Amino acid sequence: MQRSLLLPGLVSILLASCASNGGTRWEPTVGLGLQTWGNHSEEVQLSSAETALAGRASVDRDVAELTFGVTHSTAAGEALRKDWFAGVKLALGELDSSDRFNFGGDGENVDELALGGMVYLTDNATWTPYASAWGVFTNPASPNLDTQTSLALGTGVELAMGPQFALYSELNYLVPLSDSDAKGTLPNLAGDADLPASGTRDYSGLALMFGIRARIGLTE
């Protein structure tokens, strides 16, 4: 997965309409967020011709996310009420292997492309809670790990900082939908060199994100 996959998000912004239509607006929206806390783990099953190993261990994950899409709003008197957001999200950062299972990924980059959006739960103009759901495609940089498909479910709140900008804080949980094919090594029971092994690996866990979103073209 290349970082050029950012292109679909940019295209969605260029194609989105800022015009009002019967009290409805589609506002191109961009966002930038950072993971401020996380608790993730990996589940691994590896086997060779002579031995096998399975288990779960903690992993370190640290990412920044870029969001591109469209916010749907409707008129509520003289104000606008945000209804939902749909778009793409690109997360860039690091996802390390655990000490127990080393796939050569320590300190390596990880790309995550997500498709989905958010539903705003109230029309509060200052504090606006929301629920989110994203389909996530994770591509670790390690050549020993393949892409993992996951579902990220979250809840958060936006704090308005003017007519166009809002700070947000969101807690989401990553649930793996498919395993990543994995390659590694296992100890040789005969005491010689480690044996090549193959199997599966997935990672899951909680992440707390904090960032800012901007609705472009909101000002008349």
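**Figure 1. A salt bridge joins Glu43 and Arg56 in the predicted model.** In this predicted model, the side chains of Glu43 and Arg56 form a salt bridge, with an N to O distance of 2.5 Å. Glu43 belongs to strand β2 and Arg56 to strand β3, which spans residues 52-59, so the salt bridge ties together parts that lie 13 residues apart in sequence. Glu43 is classed as partly exposed because its relative accessibility is 34%. Arg56 is likewise partly exposed, as its relative accessible area is 41%. In general, side chains of opposite charge can pair when their charged atoms come close.

**Figure 2. The overall arrangement provides the setting for the close-up views.** How many helices and strands does the protein have? The protein contains one helix and eleven strands. Along the sequence, these elements follow the pattern α-β-β-β-β-β-β-β-β-β-β-β. The protein consists of 220 residues, of which 44% count as buried. The count of salt bridges comes to ten.

**Figure 3. Arg81 and Asp83 form a salt bridge.** In this pair, the closest N and O atoms are 3.2 Å apart. Is Asp83 buried or exposed? Asp83 counts as buried, because its relative accessibility is 16% and the limit for a buried residue is under 20%. Its partner Arg81 is partly exposed, with a relative accessible area of 29%.

**Figure 4. Glu170 and Arg213 meet in a salt bridge within a network.** The side chains of Glu170 and Arg213 are joined by a salt bridge with an N to O distance of 3.7 Å. This pair links distant parts of the chain, since Glu170 is in strand β9 (residues 165-176) and Arg213 is in strand β11 (residues 195-215), 43 residues apart. Both residues, Glu170 and Arg213, are buried. A network of salt bridges links Lys82, Glu158, Glu170 and Arg213.

**Figure 5. Glu112 makes polar contacts with Thr138 and Tyr203.** Glu112 is part of strand β6. With a relative accessible area of 5%, Glu112 is buried. Which side chains make polar contacts with the side chain of Glu112? One polar contact, of 3.2 Å, is made with the side chain of Thr138. Another polar contact, of 2.3 Å, joins the side chains of Glu112 and Tyr203.

**Figure 6. Arg25 makes a polar contact with Glu27.** Arg25 is located in strand β2, which covers residues 24-47. The relative accessibility of Arg25 is 5%, and therefore Arg25 counts as buried. The side chains of Arg25 and Glu27 are joined by a polar contact of 3.4 Å.

**Figure 7. Four residues form a patch of negative charge on the surface.** The members of this patch are Asp60, Asp62, Glu94 and Asp99. Asp62 has its place in strand β4, which comprises residues 61-76. The relative accessible area of Asp62 is 48%, so this residue is partly exposed.

**Figure 8. Four residues form a nonpolar patch on the surface.** Trp26, Trp84, Val119 and Leu121 make up this patch, and together they have about 370 Å² of accessible area. Val119 lies in strand β6, which runs over residues 109-120. With a relative accessible area of 46%, Val119 is partly exposed.

**Figure 9. Two pairs of residues are compared by their separation in sequence and in space.** In the pair Thr67 and Gly117, the residues are 50 residues apart in sequence, while their C-alpha atoms are 9.8 Å apart in space. Thr67 is located in strand β4. Thr67 is buried, with a relative accessible area of 6%. In the pair Val175 and Ala152, the separation is 23 residues in sequence and 6.1 Å in space, from C-alpha to C-alpha. Val175 has its place in strand β9. At a relative accessibility of 30%, Val175 counts as partly exposed.

Definitions and conventions: Residues numbered from 1 in each chain as written. Predicted model: local features only at pLDDT ≥ 70, side-chain atom pairs only at ≥ 80, totals over all residues. Heavy atoms only, no water. Patch = residues over 30% accessible without salt bridge, like charges linked within 9 Å, V, L, I, M, F, W, Y side chains within 5 Å. Areas by Shrake-Rupley, 256 points an atom, 1.4 Å probe, with all protein chains shown as cover. Lys, Arg positive; Asp, Glu negative; His and termini not counted. Charge placed at Lys NZ, Arg CZ, Asp CG, Glu CD. Helix = DSSP H or I, 4+ residues; strand = E, 2+ residues; numbered from the N terminus. Buried < 20%, exposed > 50% of the residue type's maximum accessible area, 1.4 Å probe, protein only. Polar contact = N/O pair within 3.5 Å; in protein donor to acceptor, adjacent residues only side chain to side chain.
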